[in-house]
Amino acid sequence: MSLSRRSILKGAATTAALTVAPMIMGAGHGKPKVVVVGGGFGGAICAKYIRRFYPAREVTLIEPNATYVTCPFSNLVIAGLQDIDFISYDYNTLASSYGVSVSEDSVSTINDAASTVTLASGSSLSFDRLVLSPGIDFRANAIEGYSPDDENFPHAWKGGAQTQLLRDQVNAMEDGGTVII
């Protein structure tokens, strides 16, 4: 049996879902509500498998972006071998095939005592279980004189616009040019 990145991610998601399962099974009264914050690899896969293993649970994924752009395989985009769409995923399948409610929003506050999350839009969601999987981000201006939005030095750490910018700059280089990473 060969291990692929996909099989490792599936195994990790299954392990995470099964670890959380006993807590979800014992959730409060009525239809248990699970809120997952973050639609990257961790959050989206967790939401999917909670719904697959426990279809009676109401699962809501909160993610501010309509599309998730992965960093894995971004080298194919930077090299011009693939388009940015190759590493871009929306949440339609998660909603239509797995029954996960997707809220394109971000969380402004979490009230653990009241088991609620308040969204940036002002609405509030109650939960029996909360999964936090917000992913990575920059601490803006952590390096003096550098901004993560600096177009002269694209980081491409988060997939998306920066990946495209780095690809465009690599493509614009003269043959034999130097890239420092």
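**Pockets, cores and local backbone features**

The second largest pocket encloses about 620 Å³ of space. The structure described here is a predicted model. Lining this pocket are 28 residues, and those nearest its centre are Y68, P134, G135, I136 and K158. Two elements, α2 (41-53) and β3 (67-69), each give two or more residues to the lining. Classified by residue type, the lining of the second largest pocket comprises 13 nonpolar, 12 polar and 3 charged residues.

The chain contains 5 helices and 9 strands. Read from the N terminus, these elements follow the order α-β-α-β-β-α-β-α-β-β-β-β-β-α. Of the 181 residues in the chain, 31% are buried. Contacts between residues at least 6 apart in sequence were examined for their range, and 57% of them join residues at least 24 apart. The exposed area of the chain is about 11,400 Å², of which 54% is supplied by carbon and sulfur atoms.

The largest nonpolar core is formed by 12 residues, namely V34, V36, A44, C46, A47, I50, V59, L61, Y91, L94, V100 and V131. At least two residues of this core come from each of β1 (33-37), α2 and β2 (58-62). The greatest contribution is that of α2, which provides 4 residues. A second core, separate from the largest one, has 6 residues, including I62, V117, L119 and F127. Within the largest core, V36 touches G43, A47, V59, T60, L61, I62 and V131 when residues up to four places away in sequence are not counted. Of these partners of V36, A47, V59, L61 and V131 are also listed in the largest core, whereas I62 is listed in the second core.

Strand β7 (residues 116-119) includes T116. With a relative accessible area of 18%, T116 falls under the 20% limit and is therefore buried. Beyond residues up to four places away in sequence, T116 touches T109, I110, N111, S124, L125, S126 and F127. One of these partners, F127, is included in the second core. The neighbouring position, S115, belongs to the loop between β6 (107-111) and β7. S115 has a positive phi, near 55°, in a residue other than glycine. The relative accessible area of S115 is 24%, and S115 is therefore partly exposed.

A positive phi also occurs at F73, where the angle is about 75° although the residue is not a glycine. F73 is situated in the loop that connects β3 and α3 (74-78). Its relative accessible area of 45% places F73 in the partly exposed class.

In strand β4 (residues 88-90), Y89 was considered together with its partners distant in sequence. Y89 counts as partly exposed, at 45% relative accessibility. Although Y89 and Y68 are 21 residues apart along the chain, their C-alpha atoms are separated by 5.1 Å. Apart from its neighbours within four places in sequence, Y89 is in contact with A66, T67, Y68 and T70. Among these, Y68 is also one of the residues nearest the centre of the second largest pocket.

The loop between β2 and β3 contains N65. This residue, N65, is partly exposed, with a relative accessible area of 44%. N65 and S103 lie 38 residues apart in sequence, and the distance between their C-alpha atoms is 9.5 Å. Outside its neighbours within four places in sequence, N65 is in contact with Y91 and E104. Of these two partners of N65, Y91 is listed in the largest nonpolar core.

T163 is located in helix α5 (residues 161-172). Its relative accessible area is 0%, and T163 is therefore buried. Residues up to four places away in sequence being left out, T163 touches S74, V77, I78, I84, I87, A156 and K158. K158, one of these contacts of T163, is also among the residues nearest the centre of the second largest pocket.

Technical notes: Residues numbered from 1 in each chain as written. Predicted model: local features only at pLDDT ≥ 70, side-chain atom pairs only at ≥ 80, totals over all residues. Heavy atoms only, no water. 1 Å grid on protein atoms, 1.4 Å probe; cavity = no way out; pocket = protein on both sides within 12 Å on 5 of 7 lines; lining within 4 Å. Points joined across faces, edges and corners; volume = space filled by probe spheres on them. Nonpolar A, V, L, I, M, F, W, Y, C, P; charged D, E, K, R; others polar. Buried < 20%, exposed > 50% of the residue type's maximum accessible area, 1.4 Å probe, protein only. Contact = heavy atoms within 4.5 Å. Areas by Shrake-Rupley, 256 points an atom, 1.4 Å probe, with all protein chains shown as cover. Core = buried A, V, L, I, M, F, W, Y, C linked by side-chain atoms within 4.5 Å.
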